[in-house]
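Okay, thanks everyone, let's get going. I'll put the structure up, and then we can walk through a couple of spots together.

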Amino acid sequence: MKTLLENARIIDPEGGTDRIGWLLIENGAIAGTGCEEAPQGADERINCAGKCLAPGIVDIGVKIGEPGERHKESFASAGRAAAAGGVTTMVTRPDTTPAIDTPEALEFVTRRATEDSPVRIAPMAALTKGRAGREMTEIGFLLDAGAVAFTDGDAVTTDAKVLSRAMTYARSLGALVMAHPQDPSLSKGAAVTSGKFASLRGLPAVSPMAERMAMDRDMALVEMTGVRYHADQITTARALPALERAKKNGLDVTAGVSIHHLTLNELDVGDYRTFFKVKPPLRSEDDRQALIQAVASGLIDVVCSMHTPQDEESKRLPFEEAASGAVGLETLLPAAMRLVHSGQIDLPTLWRALSLNPAKRLGLAGGRLTAGSPADLVLFDPDAPFVLDRFKLNSKSKNTPFDGARMQGKVLSTWVGGARVFGG
Amino acid sequence: MTFRQKHLLGIEPLHPEEIRTVLDLADQYVDFNRGSSKHADTLAGLTQINMFFENSTRTQASFELAGKRLGADVMNMAMQASSIKKGETLIDTALTLNAMHPDLLVVRHPHSGAVDLLAQKVNCAVLNAGDGRHEHPTQALLDALTIRRAKGQLHRLNIAICGDIAHSRVARSNILLLGKMENRIRLVGPPTLMPARIDEFGVEVYDDMREGLRDVDVVMMLRLQRERMDGGFIPSEREYYHRFGLDADKLSVAKPDAIVMHPGPMNRGVEIDGEIADDITRSVIQEQVEMGVAVRMAAMDLLARNLRAKLDEGRYA
């Protein structure tokens, strides 16, 4: 079976190119791309009408409510949302109830994912048992069971001894450790970032310094243990020098940022709008601008959705009491297009952060257009405008900060392994 | 006369002219309250519900009295003992109450923004009686009325607000109100009790009482919560009193006719010396309580007028 996608604006993050051409899919894999005359002999020809064709998004840090909170999100609903959002691999978080901290639990995730999700799942596992920060998990067995990275999510291990041992053990197996750089004693109880807005609203706040402090500590531990390290979200300008230094010194370090921190700032909370409560909290506009530059320059490697479904009950509370997190699988692409439309980043650079870098970091085959790679692709109209209606999202939970927002960028089709999972 | 608000959630949305309207009407209610017949029918037929999710004696009594003197049917709900304890969410409580058709809802809640949230879900007029560290608008209005009556003006005064600014909704509402009325505001207190970036609010910040109180017209003391006294924010009660407690010595650098205010309840010997608090030539603390009832009557009267106007509009539309 050969499918030819022709007359497409092909976004190749590896080559850094953005040009009109064709892409051939053969037996679920990419057989080739080019911009000269299209090859003959395809079973199916699809005219892409000049719309953008790019590798499917590899989204690091997706929370799915299975096990424990299936009413918030299931593999089926998250999978549909991902397909509709151009996400072809969901890298799932282990901060479920109970946590994914044994090979048996991980096998449950893999089995449920294969049964229900139209897109690929690459599961992460907990670094410490019960994410409690005391004893390391069976990192070896979990790797064998398919864990792509190890993280306790937003539960920061405060005991440096425990963390350093887990890192040392992980290093010996070549495992990737993903951390959430926030000093927990400073950020405890905080709902927003400290500053004029927080003071005016009278909300408990955390200094942005909490991120830099944790980043400094983590970089010292990486230097000590030699572990492969990924910071889940860098959200402040003050934490960037530590990242830059670590990379310059040759440490095996990468970092991500959520799309919400790239497109929203602390003032968006307005009159206590809980859909804008995320973790870490939204930052200042200066921070946001610095983060966009860091993504454009490649200092920050990965852009993700930090998809965190929350039900209405847990959000319809006073701001301090409301749950943190926002869904993002379906809004990641159009929100990211805001950075392109504002002229701050070009499409191949953006796609490096959305697909190529996360795939490379996790050792996944997708995220690129090289011949032989799996045909995980997204076709989208970069300019198509729409107003987001949260009740039309595929996620079971509708907690998006973009409800009612004017957005540009619509997914037309998504393919996983050459099979179309979204669009017509 | 201008007052366009549907709710009184904070000082932030108020226009200076609206603040003047409340204070002018409150002035009339002060005289009314001093008369022999303290009953009017202004709010007759309206139902006022006081929902206090946090303990309060003074504010609740003040709102209750204000409502009763204006002829409203007043009900108090002690929310601490109610269904909140059974896990009902704030919004469900609001919807339940809304179904009973109250006209005025007076709400105090320990979390900032909770009263705003509640106001979005009900049809009646909502008065914020204090939400977390956010706002306490009627306190700021009664303080303003007290100052205006004592000083004969509410602009171009030097006003010092002293103590635990960080955790105080009274301070926030006062900073907003006194700023809107074009006064010079100084904040005095230890840096651990100052909110972040407070200097961006158009105020001067001092961590020395004698510097902060120099030549001020008004000294506004704030209550220091017991739970903040030991070690966490300040080293000890006695060191706090020594450095930030208002006594005759520190007050001597203020203007000779400076007035002393306190929202109550006072911790004598912690933030204020007992003699200063009782000195009727300086302290206006009792007047503040009196103004409180009058200001709340004025606020409810104005909100009820807007509410009734809206209902009439609906009827004839």
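So, to start: is the crossing of H12(A) and H13(A) right-handed or left-handed? It's right-handed. Keep in mind that this is a predicted model. To find the pair, look at chain A: H12 is residues 332-341 and H13 is residues 347-362. Their axes come within 10 Å and cross at roughly 140°. Angles over 145 would count as roughly antiparallel, and this one is therefore oblique.

Who's touching whom here? On the H12(A) side you've got A:Leu332, A:Leu333, A:Ala336, A:Met337 and A:Val340. H13(A) brings A:Leu347, A:Leu350, A:Trp351 and A:Leu354. By class that's 9 nonpolar residues, with no polar and no charged ones in this contact.

Okay, over to where the chains meet. Chain B puts 23 residues into the contact and chain A puts in 18. About 1,700 Å² is buried between them, and carbon and sulfur atoms give 58% of that. On the chain B side, B:His111, B:Ser112 and B:Phe201 lose the most area to chain A, together 27% of what that side buries.

One residue to click on is A:Leu200, in helix H6 of chain A, residues 196-201. Leaving out its sequence neighbours up to four places away, A:Leu200 touches B:Glu12, B:His134, B:Arg172, B:Leu176 and B:Phe201.

And how many salt bridges does the rule find across this interface? Just 1. B:Glu12 forms a salt bridge with A:Arg201, and the closest N and O atoms are 3.2 Å apart.

Conventions
Residues numbered from 1 in each chain as written. Chains lettered and ligands numbered in written order. Predicted model: local features only at pLDDT ≥ 70, side-chain atom pairs only at ≥ 80, totals over all residues. Heavy atoms only, no water. Axes fitted to C-alpha atoms, helices over the stretch in contact; angles between N-to-C directions. Helix = DSSP H or I, 4+ residues; strand = E, 2+ residues; numbered from the N terminus. Parallel < 35°, antiparallel > 145°, perpendicular 65-115°, else oblique. Left-handed = near helix turned anticlockwise from the far one by under 90°. Contact = heavy atoms within 4.5 Å. Nonpolar A, V, L, I, M, F, W, Y, C, P; charged D, E, K, R; others polar. Buried area = accessible area lost by both parts, 1.4 Å probe. Salt bridge = Lys/Arg side-chain N within 4 Å of Asp/Glu carboxyl O.
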